[in-house]
Amino acid sequence: MTPAETVHPEALPLPSENPFAARWETPFGLPPFAAIQPEHIRPAFDAALAKHKDEIAAITADPVAPDFANTIEALERAGRAMSRVGGVFYNLTGADTNEALQAIEREMSPITSRHWSAIMMDEALFKRVDAVFAQRDGLGLDAEQARLLERTHRGFVRSGAQLGAEDKARLAAINERLAGLGTQFSQNVLKDESSYALIIEDEAGLAGLPAFLLAAMARAAADRGHPGKHAVTLSRSIIEPFLTFSTRRDLREEAFVAWSKRGENGNESDNRAIVAEMVTLRAEKARLLGFATFAHFKLDDTMAKTPQNVRDLLELVWTPAKARAAQEAEDLAALAQAEGENGPIRPSDWRHYAEKVRQRTYALDEAVLKPYLQLDRVIQAAFDVAGKLFGLAFEAKPELAGYHPDARIWEVKEAASGRHIGLFIGDYFARASKRSGAWMSAFRGQRNFGGEVRPIIVNVCNFAKPAEGKPALLSIDDARTLFHEFGHALHGLLSDVTYGSLAGTSVSRDFVELPSQLYEHWFLTPEVMKAYCLHAETGEPIPDALIEKIKRAQTFNQGFATVEYTSSALVDLAFHSLEEPGEIDPLAFEKAELSRLGMPAEITMRHRTPHFSHVFSGDGYSAGYYSYLWSEVMDADAFNAFLEAGDVFAPELASKLKRYIYSAGDTRDAAEAYTLFRGRLPTPDALLAKRGLAA
């Protein structure tokens with residue numbers, strides 16, 4: 001039986017020309033992207049919503065007393081048609097959107113919110129779930145079934161199932177409004193990003209820019225209707241190297257201001273009022289559910305548990321990071337003064353002078369390093385590390401069509417047996433139809449309940465597209481980003497659990513970054529760099545001396561990087577620790593909080609509030625941006641296990657890593673999972689050493 005034959009997506013009662021009407025007779029059940037048009041989406045959603053309502057009604061109307069099979073497993077089976085439609089739609093709205101899809105997104109966000117509120121607050125349905133939960137100790141459940149029951153019950157309670165009718169109605173209204181606001185926030189940020197371009201028409205405006213950046217800027221200008229010119233866009237793959245290499249301080253400042261002010265330009269895409277309303281509504285939601293603040297509500301279901309635990313970790317690194325950043329700022333100012341710039345270092349200056357200090361201190365020049373970091377070679381490195389650690393093989397499938405010409409598809413197999421593991425889609429280049437940043441998502445998740453279904457996982461990045469016929473070259477940060485997102489992808493691909501709602505990345509928010517951040521470590525090992533970092537022109541492997549420079553420079557500028565990140569996490573936590581936000585002015589609040597923290601004037605938050613998509617484009621990282629640092633405590637400690645073993649591919653450790661972390665989903669508590677891998681919980685020591693902040 002082929003992988004495609006094991007997949008039976010839910011058909012919908014739709015006209016035959018709608019691709020969601022029937023099972024997809026495609027290799028591996030891949031969505032027929034070329035056939036799916038915007039006009040197909042809304043009818044498919046409507047039909048899927050109706051089908052899901054019928055499935056829920058059948059569960060609540062079941063005359064048989066509630067048990068694990070007819071209630072909890074029945075809920076697992078319900079909604080698969082919605083998952084199929086949503087899996088396609090929401091991936092497209094992030095990676096290749098247009099006005100038609102955005103209009104549907106605005107329409108559907110309140111509709112789907114109402115739909116889920118109705119289900120999660122359904123009194124008859126929760127009565128059945130609660131009855132099963134009450135008898136849990138006598139049901140003879142295995143560990144995964146017990147975990148599913150506990151997570152299902154907890155999900156209902158946290159969604160308001162135990163509230164009275166009036167409070168349920170208010171909570172549903174809040175959820176609906178928050179869904180609409182989050183969608184609008186995200187679309188506003190994308191609009192500001194995609195509409196901005198600093199067009200440079202003369203040679204003087206290009207002073208200091210290396211060849212790789214000139215090529216990317218020329219391509220960006222041509223894509224925007226300015227052939228023969230160069231464009232600075234707000235894609236990190238262009239804006240950050242421009243701020244690094246441009247010797248035109250005036251242009252750096254102009255571009256930086258546009259980047260920093262996304263979402264706060266006083267136009268129709270201004271996000272300040274949206275943020276204020278979201279913060280207020282989230283605080284009210286938390287109170288309805290019995291929590292002091294929204295941060296208390298969100299963190300109650302994480303490894304961190306409480307806002308104080310989060311604050312303790314953030315402040316542990318904030319103090320030494322700020323001290324380190326102050327020293328770094330002095331070094332930059334001294335260099336700038338030596339070059340005739342007597343004013344204070346501005347945020348738009350930092351990257352420029354930091355690169356010069358790095359070159360002088362470590363003789364490490366990004367323009368020299370970049371030719372060794374070819375995109376295709378780094379992709380292959382990520383694949384081959386997965387082969388060494390987890391026994392995977394990747395076979396390119398150029399005959400399979402993705403949702404965009406830039407999207408490439410590979411079949412993932414178990415190398416030893418040839419068993420199909422899943423499909424991996426890589427979509428690496430920036431474009432106006434794609435939101436900024438980098439992420440992993442799934443068109444289809446893994447499950448074994450009711451038959452094996454293997455995942456279809458996508459990584460989306462925003463690297464600069466090269467000139468025709470030229471290789472795409474990455475920065476060291478780009479390469480680490482690719483490995484990071486591929487770590488998330490492996491978390492989805494290697495998932496091997498029974499129930500889909502526990503599969504893959506469906507884990508605690510402050511645990512989900514462990515597999516991704518841990519995977520980054522392998523790229524910077526000599527074993528990987530020597531094999532895959534080959535010069536784009538000569539084919540020569542990266543010299544040992546350059547690897548040593550990279551290694552020595554790893555803690556360079558970490559005061560800046562840690563302050564930039566941690567300030568964002570602390571502001572996020574502060575917003576969501578408000579009990580009564582009242583008539584909050586988001587920018588005034590941000591400014592006051594940064595002043596309280598003693599934020600260095602030379603550095604801005606990595607994500608300023610009006611474009612802080614992690615926190616305000618949805619509920620994912622709200623009160624949770626700290627998660628990267630929480631997971632970094634674990635990833636630094638976890639990689640040390642391999643270093644202590646004397647083999648970065650130590651087979652026994654890799655086997656435990658796969659079993660307890662990458663393939664286990666949410667089948668056990670995160671702290672228990674980490675302890676099973678490492679033998680103990682981590683301490684922050686390895687994190688502080690990794691960032692060069694240890695005393």
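**Pockets, a sheet and a helix**

Student: How do the residues lining the second largest pocket divide into nonpolar, polar and charged?

Tutor: The lining has 9 nonpolar, 7 polar and 9 charged residues. Keep in mind that we are looking at a predicted model.

Student: Okay, and what volume does that second largest pocket have?

Tutor: About 420 Å³. Its lining is made of 25 residues, and those nearest the centre are Arg 224, Ser 235, Ala 430, Arg 431 and Ala 432.

Student: Which elements give two or more residues to that lining?

Tutor: Helices α7 (165-195), α8 (211-223) and α9 (236-245) do, and so does strand β7. Helix α8 gives the most, with 4 residues.

Student: Let's stay with β7, then. How many of its residues are buried?

Tutor: Strand β7 covers residues 456-463, and 8 of its 8 residues are buried.

Student: Which residues sit on which side of β7?

Tutor: Generally speaking, side chains in a regular strand alternate between the two faces of the sheet. In β7, one side carries Ile 456, Val 458, Val 460 and Asn 462, while the other carries Ile 457, Asn 459, Cys 461 and Phe 463. Both faces are covered, with every one of those residues buried.

Student: What is the strand order in the sheet with β7?

Tutor: The order is β3-β4-β5-β7-β6, an open sheet of 5 strands with mixed pairing.

Student: Why is one side of β3 and of β6 left without a neighbour?

Tutor: Strands β3 (392-396) and β6 are at the edges of the sheet and have a single partner strand each, so one side of each has no neighbour there. As for the twist, the average is 30° from one strand to the next.

Student: Back to β7 for a sec. Do β5 and β7 run parallel or antiparallel, and how many bridges join them?

Tutor: Strands β5 (residues 420-429) and β7 run parallel, joined by 6 bridges. Among the pairs, Gly 426 is bridged to Asn 459, and Leu 423 has Ile 456 as its partner.

Student: And on the β6 side, parallel or antiparallel?

Tutor: Antiparallel, with 5 bridges between β6 (residues 439-444) and β7. Ile 456 turns up here too, as the bridge partner of Arg 444.

Student: Switching topic: how many cavities of 30 Å³ or more are there?

Tutor: The count is 1. The space in the largest cavity is about 130 Å³.

Student: Which of its lining residues are closest to the centre?

Tutor: Phe 256, Trp 259, Thr 604, Met 605 and Arg 606, out of 15 lining residues. By class, the lining has 6 nonpolar, 3 polar and 6 charged residues.

Student: Which helix gives the most to that lining?

Tutor: Helix α10 does, with 3 residues. At least two residues each come from α10 (249-260), α14 (347-362) and α21 (558-575).

Student: Last one, α16. What span does it reach?

Tutor: Helix α16 runs over residues 375-390, and its 16 residues reach 22 Å from first C-alpha to last, close to the 22 Å expected at 1.5 Å a residue.

Student: Which residues of α16 are buried?

Tutor: Leu 375, Val 378, Ile 379, Ala 381, Ala 382, Phe 383, Val 385, Ala 386, Leu 389 and Phe 390.

Student: What phi does Gly 391 take, just after α16?

Tutor: Gly 391 takes a positive phi, about 70°.

Definitions and conventions: Residues numbered from 1 in each chain as written. Predicted model: local features only at pLDDT ≥ 70, side-chain atom pairs only at ≥ 80, totals over all residues. Heavy atoms only, no water. Expected span 1.5 Å × (residues − 1). Buried < 20%, exposed > 50% of the residue type's maximum accessible area, 1.4 Å probe, protein only. 1 Å grid on protein atoms, 1.4 Å probe; cavity = no way out; pocket = protein on both sides within 12 Å on 5 of 7 lines; lining within 4 Å. Points joined across faces, edges and corners; volume = space filled by probe spheres on them. Nonpolar A, V, L, I, M, F, W, Y, C, P; charged D, E, K, R; others polar. Pairing = 2+ DSSP bridges. Axes fitted to C-alpha atoms, helices over the stretch in contact; angles between N-to-C directions.
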